[in-house]
Amino acid sequence: MLGRLNHVAIAVPDLAKGIEVYRTMLGARVSEPQAVPAHGVTVVFVELPNTKIELLEPLGEDSPIRRFLEKNPAGGMHHVCYEVEDIFAARERLKAEGAKVLGSGEPKIGAHGKPVLFLHPKDFCGTLVELEQA
């Protein structure tokens, strides 16, 4: 069912500072910031040869990233994103196995313009998992 690792997401309290760390200290190519209001975040992608790092900053007071940063003020790893061929088939299979799909259970459009779902960390070794249709 799982395809390639699409990205690892890191929540940051200051996106500009995160961009600077990756561009200057690590010499990485970083995308321009993109607001994703449906998910309450502003994101950039650090391009790597085999995957991406997504830096997330809260967008709005109800952002789930704001709540994450209240518990982790310095930031930290937020989730991993795996690609799947068919997000609806993946959802149904996972639900049949007892996994909890967060939110309404319906895919939303993510930062790459593709449908995404999030899976509860309790079901996946303590890690929030995002599935993105490839």
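The protein exposes about 7,500 Å², and carbon and sulfur atoms supply 54% of this area (Shrake-Rupley method, 1.4 Å probe; for residues, only the protein chains shown count as cover). The model is predicted: local features need pLDDT of at least 70, side-chain atom pairs count only at pLDDT 80 or more, and totals for chains, interfaces and linings use all residues. Residues are numbered from 1 along each chain as its sequence is written, and side-chain values use heavy atoms, without hydrogens and water.

The protein has 3 helices and 9 strands (DSSP runs numbered from the N terminus: H or I, at least four residues, for helices; E, at least two, for strands). From the N terminus, the order is β-α-β-β-β-β-α-β-α-β-β-β. The C-alpha trace spans about 45 × 35 × 25 Å along its principal axes.

Of the 134 residues, 44% count as buried (under 20% relative accessible area; exposed is over 50%, partly exposed in between; 1.4 Å probe, protein chains only). The largest nonpolar core (buried Ala, Val, Leu, Ile, Met, Phe, Trp, Tyr and Cys joined through side-chain atoms within 4.5 Å) has 23 residues. Tyr22, Val46, Ile53, Leu55 and Leu131 touch the most other members. Elements that each supply at least two residues of this core include strand S1 (2-11), helix H1 (15-25) and strand S5 (52-58). Beyond its neighbours within four places in sequence, Ile53 is in contact (heavy atoms within 4.5 Å) with residues including Val8, Tyr22 and Val46. A second, separate core of 11 residues includes Ala11, Val36, Ile65 and Phe68.

Val21 lies in helix H1. Val21 counts as partly exposed because its relative accessibility is 32%.
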